[in-house]
Amino acid sequence: MENIIFLEEVDSTNNYLKARCGALSDGTAVTARIQTAGKGRRGHAWSTNDGMLPLSVLLIDPPECETLTARVGLAVCSAIAEMYDKPPELGIKWPNDVIVSSHKVCGILCESMRFGASTAVICGIGINISQDENYFRMVGLPNAGSLLMLTGTAPERNTLLKAVVSEVRNRAAMPFADCLDEYRRRLVNLGRSVKILGAEGERVAEAVDVAPNGYLICRNENGFFEVGSGEVSVRGLNGYI
Ligand code: BTN
């Protein structure tokens with residue numbers, strides 16, 4: 001497949017594209033065997049070992065930036081499903097953690113920046129392919145799991161990489177309105193109690209729906225309100241989901 005850069009080692013595949021976005025074409029992807037300083041959402045570090053597939057895709061002036069992060073989650077679900085004759089049930093914990101059997105198998109960090117008159121959005125994706133339970137215990141991530149752990153089969157790394165890159169490029173061009181029903185079906189939060197952790201502290205509510213802009217629609221004793229992925233992190237009442 002065209003336009004995929006393979007690196008042995010990099011600090012972060014997102015940083016790699018950020019530093020070069022003016023010189024690379026729309027849709028360029030990068031992966032590395034090792035990431036030494038992988039980044040997660042909300043300023044967290046993203047730990048990396050050989051069993052994790054890190055990749056980032058550069059999108060230049062993509063339409064509907066606000067919903068891109070949700071569409072990338074759907075792209076990853078489609079790509080993983082393509083790897084199996086009988087795919088596992090793939091859910092999304094809002095806004096875009098990909099879930100198998102209540103475990104996070106993929107995290108997504110979309111970052112945007114201006115260059116010249118354009119906006120570059122870098123979609124960073126980390127898929128847990130083949131780490132074992134011991135690894136996640138050691139790094140203190142009890143809610144994470146790998147595809148091997150949860151399905152018994154590890155997809156071939158480069159086959160999965162190509163499928164993800166292709167699905168992300170497709171979804172980037174697709175209006176969210178055409179993805180909304182599928183996104184609702186995949187969301188594991190709907191109808192459940194959620195803890196919303198934002199700048200003003202913690203709120204408990206029920207997640208009831210997704211708005212056309214990708215915001216999570218919630219309800220509590222004060223009525224309905226919407227939360228955006230930039231502002232908050234969402235957890236289940238008694239744990240991760
Ligand atoms: C999350 O916190 O869930 C998002 C994790 C995103 C990790 C990926 S790995 C490839 C890309 N490069 C990074 O530094 N982060 C993303």
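**Exercise 1. A lysine in β4**

Which backbone oxygen does the side chain of Lys93 reach? Work from the predicted model, and describe the setting of Lys93 as well.

Solution.
Step 1. Locate the residue: Lys93 belongs to strand β4.
Step 2. Check its exposure. The relative accessible area of Lys93 is 3%. The cut-off for buried is under 20%, so Lys93 counts as buried.
Step 3. Follow the side chain. It reaches the backbone oxygen of Val234, at 2.7 Å.
Step 4. List the surroundings. With neighbours within four places in sequence left aside, Lys93 is in contact with Ile99, Leu187, Val188, Asn189, Val234, Arg235, Tyr240 and Ile241.

**Exercise 2. Backbone geometry around β5**

Find the cis peptide bond that involves Pro95, then find the positive phi values at Ser101 and Ser102 and place these residues.

Solution.
Step 1. The bond that runs from Trp94 to Pro95 is cis, and its omega is near 0°. Pro95 sits in the loop that links β4 (91-93) with β5 (97-100).
Step 2. Ser101 is not a glycine, yet its phi is positive, about 45°. Ser102, also a residue other than glycine, has a phi near 65°.
Step 3. Ser101 is in the loop between β5 and β6 (103-115), and Ser102 is placed in the loop between β5 and β6 as well.
Step 4. This loop is the turn of a hairpin: β5 and β6 have 2 residues between them. The two strands pair antiparallel over 3 bridges, and Val98 has Cys106 as its bridge partner in β6.

**Exercise 3. Strand β7 and its partners**

How many residues of strand β7 are buried, and which strands are joined to β7 by bridges?

Solution.
Step 1. Count the burial. In β7 (residues 118-128), 11 of the 11 residues are buried, so the strand is largely enclosed by the rest of the structure.
Step 2. Separate the two faces. Ser118, Ala120, Ile122, Gly124, Gly126 and Asn128 point one way, while Thr119, Val121, Cys123, Ile125 and Ile127 point the other way; all are buried.
Step 3. Take the pairing with β3. Strand β3 (residues 52-60) runs antiparallel to β7 and is joined to it by 9 bridges. Val57 has Cys123 as its bridge partner in β7.
Step 4. Take the pairing with β6. Here 10 bridges join antiparallel strands. Phe115 is opposite Ser118, and Cys110 is opposite Cys123.
Step 5. Look at the turn. The hairpin of β6 and β7 has 2 residues between the strands, and Gly116 has a positive phi near 55° there.

**Exercise 4. Cysteines without a disulfide**

How many disulfides does the structure hold? Use Cys65 and Cys106 as test cases.

Solution.
Step 1. The count is 0 disulfides.
Step 2. The criterion is a pair of cysteine sulfur atoms within 2.5 Å.
Step 3. For Cys65, the closest cysteine sulfur is in Cys123, at 9.1 Å, which is too far for a bond. Cys65 is partly exposed, at 39% relative accessible area.
Step 4. For Cys106, the closest cysteine sulfur is in Cys77, at 8.2 Å, again too far for a bond. Cys106 is buried, with a relative accessible area of 0%.

**Exercise 5. The nonpolar cores**

How many residues has the largest nonpolar core, and which helix gives the largest share of this core?

Solution.
Step 1. The largest nonpolar core has 54 residues. Val76, Ile80, Ile125, Ile127, Val164, Tyr183 and Ile196 have the most contacts inside it.
Step 2. Helix α2 (residues 68-82) supplies the largest share, 10 residues.
Step 3. Take Ile125 as an example. Neighbours within four places in sequence aside, its contacts include Leu53, Leu55, Val72, Val76, Cys106, Val164 and Val168.
Step 4. Another core of 9 residues lies apart from the largest one, with Tyr16, Leu17, Ala32 and Leu58 among its members.
Step 5. As background, nonpolar side chains tend to be buried together in soluble globular proteins.

**Exercise 6. The open sheet**

Give the strand order of the open sheet of 5 strands, and explain why β11 and β12 each have one side without a neighbour.

Solution.
Step 1. The order is β11-β10-β9-β8-β12, and the pairing is antiparallel.
Step 2. β11 (223-227) and β12 (233-236) are at the edges with a single partner strand each, so one side of each has no neighbour in the sheet.
Step 3. From one strand to the next, the twist averages 45°.
Step 4. Within the sheet, 6 bridges join the antiparallel strands β8 (residues 193-198) and β9 (residues 201-210). Lys195 is opposite Val204 in β9.

Technical notes:
Residues numbered from 1 in each chain as written. Predicted model: local features only at pLDDT ≥ 70, side-chain atom pairs only at ≥ 80, totals over all residues. Heavy atoms only, no water. Helix = DSSP H or I, 4+ residues; strand = E, 2+ residues; numbered from the N terminus. Pairing = 2+ DSSP bridges. Axes fitted to C-alpha atoms, helices over the stretch in contact; angles between N-to-C directions. Buried < 20%, exposed > 50% of the residue type's maximum accessible area, 1.4 Å probe, protein only. Polar contact = N/O pair within 3.5 Å; in protein donor to acceptor, adjacent residues only side chain to side chain. Contact = heavy atoms within 4.5 Å. Core = buried A, V, L, I, M, F, W, Y, C linked by side-chain atoms within 4.5 Å.
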